[in-house]
Amino acid sequence: MEPGTTYYILPSLLSSSINEVIKVIAFHLDDVARLPANIKEKLLRRMCQRGLLTNNNIGKIVTSHTRSLDLSGSDVTDIGLKSLRICKNLRKLDVSCSKEVREGITAEGIQEVAKSCPFLQAVSLRRCVRVTDTAVIPLAQSCRQLVELNLGGCSEITDASLVAISQSSRFLRSINFSHTKVTDEGVITLATGVGQKTLNEIHMSNCDDLTNDSIEAIVLFCPNVKTLIFHGCHCITEQSRQMLQGPQLDNMKQVTWTIY
């Protein structure tokens with residue numbers, strides 16, 4: 001590079017064309033539906049990044065080759081999720097809401113996803129407040145390869161979901177059920193279930209009904225847990241801190257809690 005010379009990186013023709021398509025996509029959805037799958041996948045990624053997917057356009061863009069779908073920034077509801085019935089190879093789905101709550105996605109939409117996308121490995125339903133056990137149970141039963149599941153802020157979730165997960169999700173490594181109605185019974189069932197040896201990350205903050213019994217079950221039956229987050233659980237006491245001292249804590253990389 002010569003001193004004083006300025007170089008510019010120009011976007012590729014394909015990248016520029018995708019940006020132009022996005023600008024007018026609402027008027028040409030039928031034309032977009034006829035695009036080759038590899039072009040639609042690039043278009044899909046760009047629209048996910050910009051939060052531009054809607055109930056009207058998502059069905060025209062997803063393909064049978066779609067493996068990852070981030071709808072966290074897009075305005076998609078149960079109606080849009082029904083369009084995913086063609087996404088038989090979907091591995092990752094994020095319909096979480098990072099700031100507020102999401103009411104447009106309910107158990108009905110997730111049931112459709114569970115039925116259509118059996119190879120899902122990572123699902124985030126964070127703050128989907130209308131998602132209930134009737135969504136999580138079929139998800140666990142149909143998607144047996146689940147590795148990550150985020151139910152944080154799904155305030156209607158109960159022990160029934162953890163029971164289903166404990167029976168079906170033998171590959172589960174990470175689970176978040178913070179701000180739910182889960183009790184000790186659900187945690188103990190999870191800790192002694194088919195995934196007890198694979199679990200390495202558990203988030204269960206602000207669950208009002210959890211006690212020291214939950215911590216004891218995780219310590220005793222989940223030897224590979226490296227991250228355990230349980231702050232804001234008012235019924236967990238000093239006893240749990242004592243249980244987490246010594247050899248049990250050696251394997252852990254992150255433990256965060258509030259002792260009451």
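The points below describe a predicted model of a protein chain.

1. Overall make-up. The protein chain has 260 residues, and buried residues make up 47% of them. Twelve helices and ten strands are found in the chain. Taken along the principal axes, the C-alpha atoms fill a box of roughly 60 × 55 × 30 Å.

2. Contacts along the chain. Among contacts in the protein chain with a separation of 6 or more, 72% are accounted for by residues 24 or more positions apart.

3. Surface and charge. About 12,900 Å² of the protein chain is exposed, and carbon and sulfur atoms supply 51% of that area. The chain carries 28 positive and 26 negative charges, and the mean positions of these two sets are 9 Å apart.

4. The nonpolar core. In soluble globular proteins, nonpolar side chains tend to be buried together. Here the largest nonpolar core has 71 residues. The members that touch the most other members are Leu69, Leu84, Val131, Phe177, Met204 and Leu228.

5. Leu84 within that core. Leaving aside residues up to four places away in sequence, Leu84 touches Ile58, Val62, Leu69, Leu90, Leu93, Val113, Ser116 and Cys117. One of these, Leu69, is also listed with Leu84 among the core members that touch the most others.

6. Helix H3. This helix covers residues 37-50, which is 14 residues. From its first C-alpha to its last, H3 reaches 20 Å, close to the 20 Å expected at 1.5 Å a residue. Its buried residues are Lys40, Glu41, Leu43, Leu44, Arg46, Met47 and Cys48. The list includes charged residues, Lys40, Glu41 and Arg46, alongside Leu43 and Leu44.

7. Neighbours of H3. The buried residues of H3 pack against three helices, H1 (13-24), H2 (29-33) and H4 (58-61), and against strand S1 (68-70). Just after H3 comes Gly51, with a positive phi of about 65°.

8. Positive phi at Arg127. Most residues other than glycine have a negative phi, and most peptide bonds are trans. Arg127 is not a glycine, yet its phi is positive, at about 65°. Arg127 sits in the loop between strand S4 (122-124) and strand S5 (128-130). With a relative accessible area of 25%, Arg127 is partly exposed.

9. Positive phi at Asn206. Asn206 is likewise not a glycine and has a positive phi, of about 55°. The loop that holds Asn206 runs between strand S8 (201-203) and helix H10 (212-221). Is Asn206 buried or partly exposed? Asn206 counts as partly exposed, because its relative accessibility is 28%.

How values were computed: Residues are numbered from 1 along each chain as its sequence is written. This is a predicted model: local features need pLDDT of at least 70, side-chain atom pairs count only at pLDDT 80 or more; totals for chains, interfaces and linings use all residues. Side-chain values use heavy atoms; hydrogens and water are left out. A nonpolar core is a set of buried Ala, Val, Leu, Ile, Met, Phe, Trp, Tyr and Cys residues joined through side-chain atoms within 4.5 Å. Buried means under 20% relative accessible area, exposed over 50%, partly exposed in between (1.4 Å probe, protein chains only). Contact means heavy atoms within 4.5 Å. Helices (H or I, at least four residues) and strands (E, at least two) are DSSP runs, numbered from the N terminus. Accessible areas come from the Shrake-Rupley method with a 1.4 Å probe; for residues, only the protein chains shown count as cover. The place of a charge is taken as NZ of Lys, CZ of Arg, CG of Asp or CD of Glu. The expected span of a helix is 1.5 Å times one less than its number of residues.
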